[in-house]
Amino acid sequence: MITSAAACEDIELRITGMTCAACVRRVERALQRVDGVKNASVNLATERASVQWDRGKYSIGSLIRAVESAGYHAETIQSEESPAVRNDAAALTPEASILWKQFVFSCFFSIPLFVLAMAPMVWKPWMDVMMDWLSMEGWNWVMLALCLPVQFWAGARFYQLGWKSLVSLTPDMNALVMLGTTAAFCWSAVVTVFPNLIPEASRHVYFESAAIVITLVLLGKFLETRARRDARDAMLILLQLQPPIARVVRDSERPIEVRIDDVQRGEIIEIRPGETVPLDGTILAGESFVQESIVTGEPLPVAKSQGDQVIGGTINGNGWLRVEVLSPANESTLARIVAFVQKAQASKPAIQSIADRVVAYFVPVVIVLAIATALVWFLTSRQPLEQSLLHAVAVMIVACPCAMGLAVPISIMVGSGTAAKRGILFRNGQAIQSLAQVDSIAFDKTGTITRGEPTFVGIHSFGTWTDSELLSLASSLQSRSEHPIAKAVVEYAQKNHVAPSEEIQKFHARPGLGVEGTLANGKLVRMGSMRLLQTIALEIPEGVEPLGDWEKDGASLFFITVDDSIAGAMAVSDSIKPGSPQAIEDICQLGLTPYMITGDRKAAALKVAHDVQIPLDRVFFEILPQEKAEIVKRLKSKGTSLAFVGDGINDAPALVAADVGIAVGSGTDLAIESADVLLMADGLAVAVEAIRFSRQILSNIKQNLVWAFAYNILLIPLAMGCFEPWGVRLNPMLGGVAMSLSSLFVVFNALRLRGNI
């Protein structure tokens, strides 16, 4: 899935066969060695590689060959976002299916092998029964026969991948399992085939340890793969909420059923009561209530009527709707949400570097420890060969770094997918970590704290102009603008039956100042803030009573000029969103410091700040767009980790300058593209949720990392036999159990986020 057409492009590959963090590092190194690759990032949980490279000279095949030469399988990712591709989210992946077959096959031989080896130790009469059938040497041959298919068929994957990792000097989990089980098997085979080579006191076989370890590792990898698949596919299930068929009105008024993949932009579809909206569109006729919780997380249905937009996958209420399609299925809101989340899941936050640095040295260190353990026990034990073998094998088995590789990506994957169902989209894993660590948050005012839907308050004309003439002139100018204030002016003029005066030519918007245009008679008309007047060196008349009253009430003033004179002023007010005061209070309870940065005048800004309980000394007003970014940088220079929340074009520079930019989904495309976090639902309450979610995800990551590291810190000394003097030891079988449980703990701990978020 190539995301850009420039010389430097991004491509994603699906990687299969990885089992631990060392595998991830190995694939990354293989990809980075390909000429033209700028950067490669591999994610174990999502089984994806994100590669930034120069495609001008090299083919995708070179990337795939590099991965395969490292011992893994790679393929380009097809359009899995299409609803038709994923008909059965519960189906086993090929990797999980292979692991399950290998596990079942292994159990068929391992269970009787385990019974033969362990039953005599549990129930002594069983030993007498066995001796009546065969001698111990004979039973050793039986156990060898049972272990052979497990070791070299079910365990073949560990030989294939483990040997390549050793040859490339990047040993991984497969190498540890291969070395550990092979040592146990070979020792036991020598005892069985050439018993006279081994001292009689050490003639014990460990076929069951080798077979059970392989079986347990296969089971652990199968369960881990299933859990990872469940987490990965959680977002893709959203796409299946879109119905496969849409009712399209084409040549006649009678609708026909068409596959949604075949419906084009601009076509008309009909939606009956209770049906699922098939595609994004604009309502042409009808009205209803639509349940949008799958996209925004809002539990209550939203009233929809002519001119409103509906989103594919949402549920229509009891009304009939006729809708014009805005985008095809592969460009729908749900498809874009899934792509957004998948990109976040495939990324790495900074905290991942901790695990990466450890894993770079971990497996080689484990092999050295295993060798050192064997030497120490060989030199000090009464049964040197046997004890050396047991402890060295246990060290290699128990130290497999699966949990380290999964600790971070599995939490990112589950957390970002779950948050998306609540209308919160994280652009990447670093956005989650950064948002969890901010200590301050700055808000734009209009459209963020307030509704962003100004209502007309009043008009006051100067000189020879009348209010009606002024309103007509302003309506003409603002009819060319998409700003919310322009909408308020035009609607007020229409409500009072005031027609636009003349057609505006050479219309031009001046961000942070206002708009201007030229009439047919050549006169230059401007409408904007006090800053606009200052740029053209004009001053308003003193003592104009309505202006002072409007300012006291928190209304925003806008002035109309014709050529070099002021024609009059207008006032609009913007009400506070119902949830804003509570959201600011919650922000403070989370320990964050709130700020407000707005281009509005001082009186309007301070009134809004007072109403939502933002301290007035943390309010910045009459700020130009580029100045917003400078204020953000100034706050950051004081050691503050700052998030900025906005929704407009004016907010884009500040969103980029902040440590974390948060854009509300109702904002402009530029604001959304500039942000690190996108809120699909309106209102600041969702921003508070986003902060809480990010903290929960980061906490979950830390729990996983602590477990993964503490597990090895505690169990490796146990496997080495450091606690043998106190009668505490860890044999290879228990090591296999512990290793599998460690990985499963990390996966299931991450899955807890589904309930917490």
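A search of the whole structure, which is a predicted model, finds 0 disulfides. Two of the cysteines can be described by how far they are covered: Cys147 has 0% relative accessibility and therefore counts as buried, since buried means under 20%, whereas Cys722, at 44% relative accessibility, counts as partly exposed.

From the cysteines the reader can turn to the interior. In soluble globular proteins, nonpolar side chains tend to be buried together. Here the largest nonpolar core holds 148 residues, and among these Leu31 and Leu435 are the ones that touch the most other members. The element that gives the most to this core is helix H26, which spans residues 684-720 and supplies 18 residues. Once residues up to four places away in sequence are set aside, Leu435 is in contact with Phe426, Ala643, Val660, Ile662, Val677, Ala690, Ile691 and Ser694. Apart from the largest core lies another one, made of 26 residues, including Val632, Phe644, Ala675 and Leu678.

Nonpolar side chains are also found on the surface, where Trp141, Val190, Val193, Phe194 and Leu197 form a patch that together has about 490 Å² of accessible area. One member of this patch, Trp141, belongs to helix H5, which runs over residues 136-154. Trp141 has 45% relative accessibility, and because this value falls between the 20% below which a residue is buried and the 50% above which a residue is exposed, Trp141 counts as partly exposed.

Conventions: Residues are numbered from 1 along each chain as its sequence is written. This is a predicted model: local features need pLDDT of at least 70, side-chain atom pairs count only at pLDDT 80 or more; totals for chains, interfaces and linings use all residues. Side-chain values use heavy atoms; hydrogens and water are left out. Patches are made of residues with over 30% relative accessible area and no salt bridge: like charges are joined within 9 Å, nonpolar side chains (Val, Leu, Ile, Met, Phe, Trp, Tyr) within 5 Å. Accessible areas come from the Shrake-Rupley method with a 1.4 Å probe; for residues, only the protein chains shown count as cover. A salt bridge is a side-chain nitrogen of Lys or Arg within 4 Å of a carboxyl oxygen of Asp or Glu. Helices (H or I, at least four residues) and strands (E, at least two) are DSSP runs, numbered from the N terminus. Buried means under 20% relative accessible area, exposed over 50%, partly exposed in between (1.4 Å probe, protein chains only). A nonpolar core is a set of buried Ala, Val, Leu, Ile, Met, Phe, Trp, Tyr and Cys residues joined through side-chain atoms within 4.5 Å. Contact means heavy atoms within 4.5 Å. A disulfide is a pair of cysteine sulfur atoms within 2.5 Å.
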